[in-house]
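Student: I would like to work through this model with you, one question at a time. Could we begin by looking at the sequence and the structure together?

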Amino acid sequence: MALSRGLRCCQRVFSWIPVLIITSVVLWSYYAYVFELCLFTIPNTFEKVAYLLVFHVCFVMFSWTYWKSIFTPPATPCKKFQLSYSDKQRYEMEERPDAQKQILVEIAKKLPIFTRAQSGAIRFCDRCQVLKPDRCHHCSVCETCVLKMDHHCPWVNNCVGFSNYKFFLLFLSYSMLYCIFIAATVFQYFLKFWVGDLPNGSAKFHVLFLMFVALMFFVSLMFLFGYHCWLVAKNRSTLEAFSAPVFVSGPDRNGFNVGVRKNLQQVFGENRRLWFIPVFTSQGNGHFFPLKNRSESRNPLLANEEMWEESEDFYLAGQNITLASVTV
């Protein structure tokens, strides 16, 4: 027992290493750009001030989005999806798998659940003792079920899901902007150092290395950002892109695709002025998502129109609750 706790403690400590690497590179880039390039190398005062102003805007937005991606806790299923004491007792005392499945089916009748396991059964997490809402998955690293889980990202040491997916996308976009701005403004001085027009010194190493690092990170981020833009346009998570969500009618990769505009609004909200600011504006509460085809994907457990409308009300009501009320 003590050994397993020690291993978990070591795992938590080591999980911060990728974050420390990124932080160290960013802090070095700040020193190299502000001091070695702008203050010690660029002779023109106007150019120096202009570069510093734009650089600090990019740096602040990058740091803000990175912070929000790291420290926004994953949203977890609310208490409605947890088994009550009596249901838990019934479920645990029942030894027959078919009977256990039937118990879960009865409980799911009251909930807006439309996806199934590959076997067709109600998706249930034995570790968290919850019925999984649509698009919810258990993260073995975070040791909890995460609403609309996309993936666990070691570079932010956090699960990317409903609560911080917008922040993660903004982090990628501002990272690209940060890198391309550095590369574009450093380029002319990179050439001057390269051909020997500027004297050798400590600034030469920093400027040359800054150019290579900025371009390297930009290229890698460009592919990752492009992939996630495609996922948002299709309304898929990374997990759903590899394994299609299963509905009553069968697997459907486009089950949650309701059109590009509405897909964007689910992640960024309806107020476009807030799209590029790292504040939470995503629609809903992470427990229910509109479906592409209402008739094909209808949950037979929600037997009538009133139950379906209650599910949609569950989604709309979630747009007005804070993130704190989503987590347990």
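The questions and answers below go through annotated spans, strands, cysteines, salt bridges and a surface patch.

Tutor: Please keep in mind that this is a predicted model, in which local features need pLDDT of at least 70, side-chain atom pairs count only at pLDDT 80 or more, and totals for chains, interfaces and linings use all residues. Residues are numbered from 1 along each chain as its sequence is written, and side-chain values use heavy atoms, with hydrogens and water left out.

Student: Where does UniProt place the feature "transmembrane region"?
Tutor: The annotation comes from an unreviewed UniProt entry; UniProt positions are given in the numbering used here, feature names are shortened, and annotations may be inferred rather than shown by experiment. The record places the feature at residues 12–33, 49–67, 167–191 and 203–227.

Student: How far apart are the end C-alpha atoms of residues 49–67?
Tutor: Helices (H or I, at least four residues) and strands (E, at least two) are DSSP runs, numbered from the N terminus. Residues 12–33 are 91% helix and 0% strand, with end C-alpha atoms 33 Å apart. Residues 49–67 are 100% helix and 0% strand, and their end C-alpha atoms lie apart by 27 Å.

Student: Why is one side of strand 1 and of strand 9 left without a neighbour in the sheet?
Tutor: Two strands pair if DSSP finds at least two bridges between them, and here three strands form an open, antiparallel sheet in the order 1-8-9. Strand 1 (115–116) and strand 9 (250–251) are at the edges, so the reason is that each has a single partner strand.

Student: Which residue of strand 9 is the bridge partner of Phe247?
Tutor: Strand 8 (residues 246–247) runs antiparallel to strand 9, and two bridges join them. Within strand 9, the bridge partner of Phe247 is Gly250.

Student: How many disulfides does a search of the whole structure find?
Tutor: A disulfide is a covalent bond between the sulfur atoms of two cysteines, and the criterion applied is a pair of cysteine sulfur atoms within 2.5 Å. Cys38 is buried at a relative accessible area of 0%, and Cys78 is buried at 16%, where buried means under 20% relative accessible area, exposed over 50% and partly exposed in between (1.4 Å probe, protein chains only). The number of disulfides found across the whole structure is zero.

Student: Which residues are joined into one network by salt bridges that share partners?
Tutor: A salt bridge is a side-chain nitrogen of Lys or Arg within 4 Å of a carboxyl oxygen of Asp or Glu, and the structure holds five of them. One of these joins Glu106 and Arg90 at 3.7 Å, N to O, linking helix 5 (residues 97–108) to helix 4 (residues 85–93) across 16 residues. Glu106 is partly exposed at 34% relative accessibility, as is Arg90 at 39%. The network consists of Asp87, Arg90 and Glu106.

Student: How many residues apart in sequence are the parts that Asp252 and Lys292 tie together?
Tutor: The closest N and O atoms of this salt bridge are 3.2 Å apart, with Asp252 buried at 17% relative accessibility and Lys292 partly exposed at 40%. Asp252 lies in the loop between strand 9 and helix 9 (260–268), and Lys292 in the loop between helix 9 and helix 10 (305–317), so the separation is 40 residues.

Student: Which residues make the nonpolar surface patch of about 410 Å²?
Tutor: One member, Phe14, lies in helix 1 (residues 2–14) and is exposed at 54% relative accessible area. Patches are made of residues with over 30% relative accessible area and no salt bridge, like charges being joined within 9 Å and nonpolar side chains (Val, Leu, Ile, Met, Phe, Trp, Tyr) within 5 Å; accessible areas come from the Shrake-Rupley method with a 1.4 Å probe, and for residues only the protein chains shown count as cover. The patch is made by Phe14, Ile17, Ile21 and Trp155.
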